[in-house]
Structure formats: C-alpha cells, structure tokens
2 protein chains.
Amino acid sequence: MNSVFIATSIDGYIADKNNSIDWLHTIPNPENSDMGFSEHFDHIDALVMGRNTFDLVRSFDCDWPYSKPVFVLSSTMSSVPKEYEDKITLISGELTQIVKDLNLQGFNNLYVDGGITIQNFLKADLIDKMIITTIPIVLGGGIALFGELDQTLNFKCIKSKRYVDAIVQNHFERTRY
Amino acid sequence: MNSVFIATSIDGYIADKNNSIDWLHTIPNPENSDMGFSEHFDHIDALVMGRNTFDLVRSFDCDWPYSKPVFVLSSTMSSVPKEYEDKITLISGELTQIVKDLNLQGFNNLYVDGGITIQNFLKADLIDKMIITTIPIVLGGGIALFGELDQTLNFKCIKSKRYVDAIVQNHFERTRY
C-alpha cells in the first residue's frame with residue numbers, strides 16, 4: 001500500500017510561483033490540528049521521497065521530523081551527508097523494483113512524498129491511496145502536483161472531511177473497474 | 001453572486017486529451033443523482049457562458065437544457081442562430097461592466113460556465129462561489145479548469161459532500177481576509 005499525503009491549492013499547486021509554501025498557513029488553525037497527519041503516519045512503515053523534498057525538509061528550522069525510515073530517491077547524490085546517516089537511506093533505480101525490494105525488507109506501507117516522486121509513482125501505477133488536503137486558495141501558478149500520464153487512473157473518494165471550517169481533505173483510493 | 005458549478009478530474013481537467021467528457025460518467029450513478037445541480041440552478045437568475053460551451057451544449061443530442069436566460073460571451077459571433085433566438089443573448093465587452101449591466105437588469109445571481117469564461121471571471125475577481133465536483137480519475141492531461149492568475153484568491157470550503165460513494169463535491173466561497 002503506497003500512499004500520498006499532501007496539501008495543494010484549489011488549482012492543484014504544491015508550491016507557488018516563488019516556490020514558496022507559506023500559503024499553506026493562510027488559514028488560521030487555532031487548535032493546531034494536524035489534519036490527520038499522525039493517523040496517516042501511524043499506518044506507514046517508511047517514507048520514500050525525492051531529493052528535492054529531502055532538501056526542503058533539511059532547510060526547515062526544526063529537528064528531523066520523521067520517526068520512521070526515510071528512503072531518498074536520487075541518481076545524483078553519491079553519499080548521505082554525515083548528520084543524516086542514521087536518518088535516511090539513498091535509493092535509485094526502477095520504481096517497481098524499488099517497491100518490491102522495500103516490501104521484501106518489510107516496508108509494505110510506503111508514504112510517497114514530493115511532487116516529482118509522486119508523479120513518477122503514478123506513471124508506474126504504484127499509488128494506492130491519495131489523501132489530498134485542499135487549502136482554499138487559487139494560486140494562479142506554481143508547481144503542480146500532477147503531471148502528464150500516458151494512462152488514466154481510476155480512484156474512488158472514500159472519505160471527505162473539512163478542517164477549521166475552511167480546508168477540505170479528500171481521501172482517494174485506487175480502484176480497478 | 002456569481003457562481004461556478006463544474007466537474008473536474010482529480011488532476012483538475014474539465015476535458016481529457018481528446019477534448020472528450022465521457023469520463024464524467026465513469027462512476028455508476030444508479031439513482032441518477034443530479035449531485036446538487038437543480039438546487040444550484042434554483043438559486044441562479046441567468047447563465048453566462050463562453051462560445052465554446054454554447055457550441056458544446058448545442059452538440060448534445062437533447063433539447064435545450066436551460067430554463068433560465070443564457071448570455072453567451074462572444075466577440076466573433078455576429079448574430080444568434082435562428083433556432084436559439086428565444087434562448088440566448090449575445091454579449092461582449094469588459095466583464096466587470098457586463099456583470100454590472102446584468103445586475104441592473106435584475107440578473108444578480110449568475111451561473112458562470114465554461115473553462116475560458118471561468119478563468120476570465122477569476123482574473124477579474126468576479127467569482128464568489130465555486131461548486132467543484134471531483135470525478136475520481138487522474139486523466140494525465142487535457143483542458144485544465146484553472147489558468148494563470150496575477151493575484152491569488154482566497155476561498156473557504158463551506159461544505160463537502162460525497163455522492164455515489166465515490167465522487168466528492170466541494171463548495172468554496174470567496175473570502176477576503
């Protein structure tokens with residue numbers, strides 16, 4: 001079970017025209033709801049993220065946020081920076097094979113993160129669930145969550161929940177008709 | 001109050017790569033739910049649509065579906081085809097002025113339809129409400145609902161409802177913080 005948990009604007013962007021994600025916090029969240037993140041995180045065995053997402057998380061002014069194994073997809077990074085040696089594992093290669101290998105190692109529920117990585121998993125039809133939190137803003141440009149695909153993919157919305165009276169989170173599950 | 005009522009794929013397309021909307025009917029709808037359409041239609045005074053949408057509706061193998069006045073935006077059509085003379089009115093010009101004129105004629109609640117027309121209304125910040133029905137399919141390409149904007153627009157999700165256990169409809173209302 002490979003899942004996505006990500007926030008987008010109404011028009012489907014994960015970052016704005018300036019590559020910023022400040023707009024994620026447009027809506028006041030007085031009770032500091034995690035909008036289902038910890039529940040999602042409890043169900044996964046490991047994370048698979050792209051190099052860009054790894055660099056983004058590193059840039060945050062906070063401790064390493066993940067308490068589970070993180071696999072970073074990169075064809076260019078040759079070694080893990082010293083301070084991340086106990087936190088991440090570099091992987092590269094063909095995605096279907098990577099997923100098989102991780103499953104054999106006992107990592108069956110993968111949290112797939114990062115725009116390009118999610119697009120590549122979708123291209124290989126390796127996404128089973130997408131939890132998409134829609135921040136109610138139209139950005140008018142930026143980095144899109146979805147990209148071009150050769151085939152269409154059918155899902156089913158199994159759950160929809162609003163948060164802080166403004167944000168909506170839709171849970172989509174892959175279906176084969 | 002100008003509103004949008006439209007269906008998109010998960011990746012935000014209103015038509016697929018072949019300009020088709022057949023995928024709108026991917027999900028079985030045994031009870032023939034109109035997914036809120038008649039409730040939406042009850043609240044509007046008139047429709048404003050682009051030329052492409054008018055041509056699309058004309059191409060459907062059914063009677064003219066609208067029981068309320070329809071204004072068709074076109075800068076190229078010089079006259080209304082004979083059989084539509086009692087159904088549509090051609091309009092052109094600057095959108096803010098068009099909306100003012102329609103409001104003066106008593107058409108206060110406008111249903112704005114068609115991709116380009118919706119984008120132009122958003123550019124002029126003339127959309128107050130968007131009811132977006134998400135068909136749970138990733139198309140991987142096609143005609144996008146949203147386009148480039150110079151400014152960001154804040155909304156609020158005031159309602160979310162699932163239909164036929166698979167489709168989700170989110171209601172967004174414009175807010176000014």
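1. A quick word on terms before anything else: a residue is called buried under 20% relative accessible area, exposed over 50%, and partly exposed in between. By that yardstick B:K87 counts as partly exposed, because its relative accessible area is 28%. Please keep in mind that this is a predicted model.

2. Staying with B:K87, its side chain meets that of B:D86 in a salt bridge, at 3.5 Å from N to O. B:D86 is exposed, with 67% relative accessibility. Chain A has a salt bridge between A:K87 and A:D86, also listed at 3.5 Å, N to O. There, A:K87 is partly exposed at 27% relative accessibility, and A:D86 is exposed at 67%.

3. Now for a salt bridge within a helix. A:R51 pairs with A:D55, and the closest N and O atoms are 3.0 Å apart. Why are these two separated by about one helical turn? Because A:R51 and A:D55 sit 4 residues apart in helix α2 (residues 51–59) of chain A. Both are partly exposed: A:R51 has a relative accessible area of 30%, and A:D55 comes in at 29%. Over all chains, the structure holds 14 salt bridges.

4. On to the contact between the chains. How many residues of chain B are in contact with chain A? The count is 37 residues of chain B against 38 residues of chain A. About 2800 Å² is buried between the two chains, and carbon and sulfur atoms give 60% of that area. On the chain B side, B:I10, B:V138 and B:C157 supply 18% of the area buried against chain A, more than any other three residues.

5. What kind of contacts hold this interface's tally? The count of salt bridges between chain B and chain A is 0. Polar contacts are another matter, with 13 residue pairs found across the interface, both residues at pLDDT 80 or more. In chain B, β7 (129–135), β8 (137–138), β10 (153–163) and β11 (167–174) each supply at least two residues of the side that touches chain A. β10(B) gives the most, with 9 residues. By class, that side of chain B has 19 nonpolar, 10 polar and 8 charged residues.

6. The sheet is worth tracing on the model, as a strand of chain B belongs to it along with strands of chain A. This open sheet has 9 strands with mixed pairing, in the order β5(A)-β4(A)-β3(A)-β6(A)-β1(A)-β7(A)-β11(A)-β10(A)-β8(B). Which strands form the edges? They are β5 (88–91) of chain A and β8 of chain B, each pairing on one side only. The pairing that crosses the chains is between β10 (residues 153–163) of chain A and β8(B), antiparallel over 2 bridges. If you want a residue to click on, A:N154 has B:I137 in β8(B) as its bridge partner. Elsewhere in the sheet, β1 (residues 2–9) and β6 (residues 110–113) of chain A run parallel and are joined by 2 bridges. Here A:S3 has A:Y111 as its bridge partner.

7. One residue in chain A, A:H171, lies in strand β11 (residues 167–174). Is it buried or exposed? A:H171 is buried, because its relative accessible area is 8%, where buried means under 20%. Its side chain makes a polar contact of 3.1 Å with that of A:Q169. Beyond neighbours within four places in sequence, A:H171 is in contact with A:K129, A:M130, A:I131, A:K156, A:C157, A:I158 and A:K159.

8. In chain B, look at strand β3 (residues 46–50), where 5 of its 5 residues are buried. Side chains in a regular strand alternate between the two faces of the sheet. Both faces of β3(B) are covered, with B:A46, B:V48 and B:G50 on one side and B:L47 and B:M49 on the other. β3(B) pairs in the parallel sense with β6 (residues 110–113) of chain B over 4 bridges, and B:A46 stands opposite B:L110. β3(B) also pairs in the parallel sense with β4 (residues 70–73) of chain B, over 4 bridges, with B:L47 opposite B:V70.

9. Last, B:L90 in strand β5 (residues 88–91) of chain B. B:L90 is partly exposed, with a relative accessible area of 22%. Setting aside neighbours within four places in sequence, its contacts are B:V72, B:S74, B:M77, B:S78, B:S79 and B:V80.

Note on methods:
Residues numbered from 1 in each chain as written. Chains lettered and ligands numbered in written order. Predicted model: local features only at pLDDT ≥ 70, side-chain atom pairs only at ≥ 80, totals over all residues. Heavy atoms only, no water. Contact = heavy atoms within 4.5 Å. Buried area = accessible area lost by both parts, 1.4 Å probe. Salt bridge = Lys/Arg side-chain N within 4 Å of Asp/Glu carboxyl O. Polar contact = N/O pair within 3.5 Å; in protein donor to acceptor, adjacent residues only side chain to side chain. Nonpolar A, V, L, I, M, F, W, Y, C, P; charged D, E, K, R; others polar. Pairing = 2+ DSSP bridges. Buried < 20%, exposed > 50% of the residue type's maximum accessible area, 1.4 Å probe, protein only.
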